[in-house]
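Below are my notes on the model, set out as numbered points. Please read them with the structure open.

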Amino acid sequence: MWFKNLRVYRLTKEFALSAEKLNELLEPGAFVPCGSQDAARYGWVPPLGRHGSELVHAANGYLMVCARKQEKVLPAAVINEKVEEMAQAISAKESRQVGRKERQNLKDEVLLEMRPKAFAKSRLQYAYIAPKDGWLVVDAASASAAEELLENLREAISSLAVIPLSARNVPQQTMTHWLSAPEAPHQFEFGHEAELRDPKDSGSVIRCKNQDLCAEEIHNHLVAGLQVHKLGLIWRGGIEFIVDDQLALKRVKFGDELVDKADNIDAENAAQRFDADFSVMTLEISALLTDLLAAFGGANTDSASVEEIVARATRDEAEQRTDVDEVVF
């Protein structure tokens with residue numbers, strides 16, 4: 001249950017739903033497994049898994065939800081091979097070439113035949129709402145995965161006024177300043193990973209892993225004009241993570257002391273153990289995000305539209321997935 005990624009959204013309106021009311025609104029969208037011809041299914045499941053029945057888990061004013069996505073596994077290579085066999089059989093029998101449209105029809109036939117026999121794989125995605133902090137936090141490695149959960153949550157409760165968290169100061173400029181000094185912000189120390197980009201050439205990327213980020217070779221790249229777009233940080237010696245230029249936190253690792261803190265709380269059953277982990281995790285994340293926002297100059301409360309911000313985050317994510325020149329130290 002300990003989150004590995006943090007996609008943080010700011011509530012622009014007060015979240016007034018109780019755990020009981022939110023549970024009631026989620027029930028019509030409860031998860032149902034894929035049928036024979038379903039390619040995928042998405043729905044809500046109890047955060048406690050088999051140890052619970054409620055779709056919302058509440059503790060210390062935080063509301064956790066969990067979504068399950070199930071997809072049929074149909075390898076493209078297998079489908080293409082079957083389509084090719086069928087196309088060759090038609091060509092041999094009728095002495096003609098099979099066109100693109102007909103191939104697509106053959107592919108639809110193959111999918112119709114194979115889908116009922118396909119294996120189904122599932123993944124769980126957790127999120128929690130923090131009304132008193134004004135945040136919604138999703139454990140998602142990508143903006144698109146987080147938005148999928150938010151879109152389903154919006155449909156369930158009719159309205160969800162959130163926008164991706166942003167800071168007053170430009171993240172890449174701020175992180176570049178820290179590393180150029182070099183001086184980590186208050187309550188933080190540098191980790192051992194960074195990604196540097198040339199602002200004049202988006203395809204030029206240097207990724208540093210397991211490196212001393214204060215080393216001269218890193219400093220020389222910054223002097224040459226490269227900017228920091230991802231930076232490894234350690235918060236109060238207890239939580240390690242990578243923060244990017246969208247203020248998304250990835251590869252979050254909670255230190256042994258924090259995990260032991262939760263383990264030391266008396267718990268008689270799985271539900272109480274979940275409560276202990278959830279309570280410690282959310283309190284630590286709340287403090288971490290408060291310090292991180294302060295380091296970036298505070299939260300940006302400008303009224304950019306949800307569509308603009310989501311589109312910007314999705315575009316930047318797509319750009320980072322394109323082929324780039326890469327140097328790994």
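Is Arg10 buried or exposed?

1. Arg10. The model is a predicted one. In this model Arg10 counts as buried, because its relative accessibility is 16% and the cut-off for buried is under 20%. Arg10 belongs to strand β1, which spans residues 7–11. Leaving aside residues up to four places away in sequence, Arg10 touches Gly134, Ala161, Val162, Ile163, Leu165, Asn300, Thr301 and Asp302.

2. Overall make-up. The protein chain has 329 residues, of which 45% are buried. Nine helices and 13 strands are assigned in the protein chain. Along the principal axes, the C-alpha atoms occupy a box of roughly 75 × 55 × 40 Å. Of the contacts in the protein chain with a separation of 6 or more, 69% are between residues 24 or more positions apart.

3. Surface and charge. About 17,500 Å² of the protein chain is exposed, and carbon and sulfur atoms supply 48% of that area. The protein chain carries 38 positive and 52 negative charges. The mean positions of these two sets of charges are 7 Å apart.

4. Strand β4. How many of the 12 residues of strand β4 are buried? Nine are, so β4 (residues 62–73) is largely enclosed by the rest of the structure. As background, side chains in a regular strand alternate between the two faces of the sheet.

5. Partners of β4. Strand β2, residues 40–45, pairs with β4 in the antiparallel sense over six bridges. Within β4, the residue opposite Arg41 is Gln70. Strand β5, residues 119–130, also runs antiparallel to β4, and 11 bridges join the two. Here Ala67 has Gln125 of β5 as its bridge partner.

6. The hairpin of β3 and β4. Strand β3 covers residues 57–59 and is joined to β4 by three bridges, again antiparallel. His57 has Met64 in β4 as its bridge partner. Two residues lie between the strands of this hairpin, and Asn60 takes a positive phi near 55 degrees there.

7. Helix α5. This helix, residues 171–180, is mostly covered, with seven of its 10 residues buried. Which residues of α5 are buried? They are Pro171, Gln172, Thr174, Met175, Thr176, Trp178 and Leu179. An α-helix has 3.6 residues a turn, so residues three or four places apart point the same way. The cover over the buried residues of α5 includes the strands β8 (188–198), β10 (227–235) and β11 (239–244). It also includes the helices α6 (216–223) and α8 (270–295).

8. The cis peptide bond. Ala181 and Pro182 are joined by a cis peptide bond, with omega about -20 degrees. Pro182 sits in the loop between α5 and β8. For context, most peptide bonds are trans, and most residues other than glycine have a negative phi.

9. Positive phi in two loops. Asn210 has a phi near 55 degrees, a positive value in a residue other than glycine. Asn210 is placed in the loop between β9 (201–209) and α6. At 73% relative accessibility, Asn210 counts as exposed. Arg236 has a phi near 50 degrees, likewise a positive value in a residue other than glycine. Arg236 is in the loop between β10 and β11, and with a relative accessible area of 47% this residue is partly exposed.

10. Cysteines. How many disulfides does the structure hold? The count is zero. A disulfide is a covalent bond between the sulfur atoms of two cysteines. The cysteine sulfur closest to that of Cys208 is in Cys214, and the distance of 12 Å is too far for a bond. Taken from the other side, Cys214 has its closest cysteine sulfur in Cys208, at 12 Å, so no bond is possible at that distance. As for their surroundings, Cys208 is buried, at 1% relative accessibility, whereas Cys214 is partly exposed, at 39%.

Methods
Residues are numbered from 1 along each chain as its sequence is written. This is a predicted model: local features need pLDDT of at least 70, side-chain atom pairs count only at pLDDT 80 or more; totals for chains, interfaces and linings use all residues. Side-chain values use heavy atoms; hydrogens and water are left out. A disulfide is a pair of cysteine sulfur atoms within 2.5 Å. Buried means under 20% relative accessible area, exposed over 50%, partly exposed in between (1.4 Å probe, protein chains only). Helices (H or I, at least four residues) and strands (E, at least two) are DSSP runs, numbered from the N terminus. Contact means heavy atoms within 4.5 Å. Accessible areas come from the Shrake-Rupley method with a 1.4 Å probe; for residues, only the protein chains shown count as cover. Lys and Arg count as positive and Asp and Glu as negative; His and the chain ends are not counted. The place of a charge is taken as NZ of Lys, CZ of Arg, CG of Asp or CD of Glu. Two strands pair if DSSP finds at least two bridges between them.
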